[in-house]
Amino acid sequence: MGYKEEYQRWLEMFANDAETVAELKGIEGDEKEIEDRFYTELAFGTAGLRGVLGMGTNRMNVYNVRRATTGVAKYLIAQGVQDQGVAIAYDSRMKSDVFAKETALTLAAAGVKAYLFDALRPVPVLSYTVRHLGCAAGVVITASHNPPQYNGYKVYAADGAQLGPEAADAVTGYIRALNYTDCLPMDEKEALDKGLLKIIGNKEVDNDYIAMIKTLAQRPELLAARGKDLNIVYTPLHGSGNVPVQRLLKELGVHYTVVPEQEKPDGHFPTVKAPNPEDPNAFTLAIPLAQKVGATVVFGTDPDCDRLGAAVQDGEGVFHTLTGNQIACLMLHHILSSKKEKGTLPANGAAVKSVVSTEMARAICDDYGVKLYEVLTGFKFIGEKIQQFQETGDHTFLFGFEESYGYLSGTQVRDKDGVNASLLLCEAVCAAAERGETLYDTLQKLYQKYGYFKEKSISVTLPGKDGVAKIAGIMSAIRENPPKEVAGLKVLGIRDFKTGVRTAGGKEEALDYPKSNVLYYEIENGNWLCIRPSGTEPKIKLYVASRADTQAAVDELNDKMAAEAQEWMK
């Protein structure tokens with residue numbers, strides 16, 4: 001069926017829904033908009049659904065939420081685990097609360113018990129809840145740090161991590177077999193009366209979650225002694241981190257200032273273009289506030305509070321926005337140095353990073369005798385490593401991170417955790433103060449010790465049907481014509497995660513990773529490049545990583561490598 005026919009089918013199928021009909025009638029005659037909304041279905045993958053809000057098969061709306069939920073329910077019923085129930089959380093985005101309730105009541109209609117939070121909660125709280133309540137699965141309504149017009153639907157497995165590829169494929173099969181009109185929610189009162197809907201909050205989850213986070217402090221005595229003198233600014237960027245992060249800081253006795261204009265939840269995110277703590281513009285209000293109150297560090301969490309970004313002040317009073325890699329290395333160093341100082345660093349300690357994250361972490365881990373594992377992008381793969389370590393006993397998990405501002409030091413959450421990260425950042429600031437330095441000073445000392453590392457991430461957005469074809473074409477062209485040199489440096493090896501083969505020195509060897517459309521180029525002197533399509537957005541992503549002996553040298557090399565790689569993408 002073509003997009004025009006699908007458009008007409010929706011007008012007929014939902015003729016009794018006045019709002020839907022009005023919205024679709026409003027784009028009548030707009031060929032490009034109709035095509036974009038109906039040329040494909042919103043794809044369900046390991047990150048669930050994500051898309052622009054609106055009516056259509058390629059949009060986030062109640063009908064796609066109900067259909068996806070019915071598919072999840074059928075998958076759980078087929079596994080025989082429906083009685084364990086599904087936990088449901090949501091963030092501050094537009095329609096998040098509506099989609100969350102639709103999810104709960106659609107599960108109830110399928111005979112699956114739903115545990116729905118009484119207000120917005122972060123992703124890590126949902127991940128914790130799945131394990132804490134022994135649920136079969138979890139759902140979070142969020143589009144993370146995307147612009148306001150987006151929303152999404154993340155699905156979690158019983159281990160608290162996002163669905164793996166096999167489970168996601170199975171759910172997709174159930175979804176595609178469903179008609180939209182087959183997926184209807186149960187009446188809310190009926191669901192409550194039948195015990196198929198339970199509203200949860202502090203008593204069931206939050207108190208235990210915050211207590212668990214406190215146990216992740218590396219040096220609680222340091223926080224107790226110096227927290228009251230800490231001067232730090234926090235912004236929740238209108239999101240779900242507001243309550244749990246502030247609660248944690250208050251209970252730890254940490255002195256902080258919150259950005260008042262960004263404190264309350266607001267799905268329109270009126271003070272930022274996008275609520276993304278990776279973007280320096282996210283701190284446009286936080287940094288002036290920090291200068292006013294004399295703070296040397298500002299940090300923020302995104303709407304679903306799984307990411308944390310930060311900016312630190314140097315000796316001249318200038319604030320520098322840190323990359324996710326820099327924040328991760330500061331946290332990793334704090335954890336390992338604290339454990340070594342206290343004599344609690346395990347002999348079998350291990351850290352995990354994504355393949356596109358900094359190699360500086362390897363230098364730090366090597367220095368402390370800690371094993372560093374590498375996984376594909378997607379925190380679920382870090383979650384898999386945590387589970388593997390616990391099952392085999394071979395390693396003790398100490399820290400996991402992705403360059404995209406996601407960090408975790410505990411094992412009871414299996415996704416990146418902005419609340420956990422807030423604790424680690426505050427501790428690292430206190431530890432630096434104890435040494436008579438700022439966090440900026442600490443970072444410079446790490447560079448002086450381990451070498452200068454610089455990473456750059458470049459995203460090219462190619463929306464719509466044409467964009468999908470362009471992204472596929474770029475990947476094919478680069479795959480067929482691999483570079484031999486980058487910025488005058490030799491390419492020593494190529495890892496093609498789609499074919500599962502690493503090629504180096506004319507020889508091939510198998511890669512022990514899941515198959516994924518990712519190309520990774522190993523370049524001499526410890527440099528590398530990686531290219532991959534985004535799994536959640538219409539983007540192709542380029543990662544450029546350089547290493548040198550000085551800041552000036554690494555800046556120059558990174559710029560050269562990035563410029564050459566961007567030419568490939570044209």
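This passage walks through a predicted model of one protein chain, from its overall build down to a few strands and single residues.

To start with the whole thing, the protein chain has 570 residues and a radius of gyration of 24 Å, which agrees with the value near 25 Å that a compact globule would have. Put in a box along its principal axes, the chain's C-alpha atoms take up roughly 65 × 55 × 50 Å. The fold is built from 19 helices and 23 strands. Of the 570 residues, 58% are buried. Contacts often reach a long way along the sequence: taking those between residues at least 6 apart, 68% join residues at least 24 apart.

What about the outside? The chain exposes about 22700 Å², and 48% of that comes from carbon and sulfur atoms. As for charge, there are 63 positive and 75 negative side chains, and the centres of these two sets sit 2 Å apart.

Moving in, strand β9 covers residues 297-301, and five of its five residues are buried. In a regular strand, side chains take turns between the two faces of the sheet. In β9, Val 297, Phe 299 and Thr 301 point one way, while Val 298 and Gly 300 point the other way, and all are buried. So which strands pair with β9? One is β7 (residues 232-235), which runs parallel to β9 and is joined to it by four bridges. In that pairing, Ile 232 has Val 297 as its bridge partner. Another is β10, which runs antiparallel to β9 and shares five bridges with it. Here Gly 300 is matched with Gly 309.

β9 and β10 also make a hairpin, with six residues between the strands, and Cys 305 in the turn has a positive phi of about 55°. Asp 304 lies in the loop that links these two strands. Is Asp 304 buried or exposed? With a relative accessible area of 0%, Asp 304 falls under the 20% cut-off and therefore counts as buried. Setting aside neighbours within four places in sequence, Asp 304 is in contact with Asp 91, Pro 122, Val 123, Pro 124, Thr 142, Ser 144, Lys 154 and Ser 240.

Further along the chain comes β18, which spans residues 489-496. This strand is mostly covered, as six of its eight residues are buried. β18 pairs with β17, running antiparallel over two bridges, and Glu 485 has Lys 490 as its partner there. Antiparallel pairing also links β18 to β19 (residues 501-504), this time over four bridges, with Arg 495 standing opposite Arg 502. Then there is β21 (residues 519-523), which is antiparallel to β18 and joined to it by five bridges. In that pairing, Ile 494 stands opposite Tyr 521.

Two of these pairings are hairpins. β18 and β19 have four residues between them, and Gly 500 in the turn has a positive phi of about 75°. The hairpin of β17 and β18 has two residues between its strands, and Ala 487 takes a positive phi near 55° there.

Why does a positive phi at Ala 487 catch the eye? Most residues other than glycine have a negative phi. Ala 487 is not a glycine, yet its phi is positive at about 55°. With a relative accessible area of 21%, Ala 487 counts as partly exposed, because buried means under 20%. Tyr 405 is a further case: this residue is not a glycine either, and its phi is positive at about 70°. Tyr 405 lies in the loop between β14 (396-402) and β15 (406-408). Unlike Ala 487, Tyr 405 is buried, with a relative accessible area of 8%.

Last, a look at the start of the chain. Gln 8 lies in helix α1, which covers residues 3-13. A relative accessibility of 39% makes Gln 8 partly exposed. Gln 8 and Leu 24 are 16 residues apart in sequence, and their C-alpha atoms are 9.3 Å apart in space.

Terms used:
Residues are numbered from 1 along each chain as its sequence is written. This is a predicted model: local features need pLDDT of at least 70, side-chain atom pairs count only at pLDDT 80 or more; totals for chains, interfaces and linings use all residues. Side-chain values use heavy atoms; hydrogens and water are left out. Buried means under 20% relative accessible area, exposed over 50%, partly exposed in between (1.4 Å probe, protein chains only). The radius of gyration is taken over C-alpha atoms; the globule rule is 2.2 Å times the number of residues to the power 0.38. Contact means heavy atoms within 4.5 Å. Accessible areas come from the Shrake-Rupley method with a 1.4 Å probe; for residues, only the protein chains shown count as cover. Lys and Arg count as positive and Asp and Glu as negative; His and the chain ends are not counted. The place of a charge is taken as NZ of Lys, CZ of Arg, CG of Asp or CD of Glu. Two strands pair if DSSP finds at least two bridges between them.
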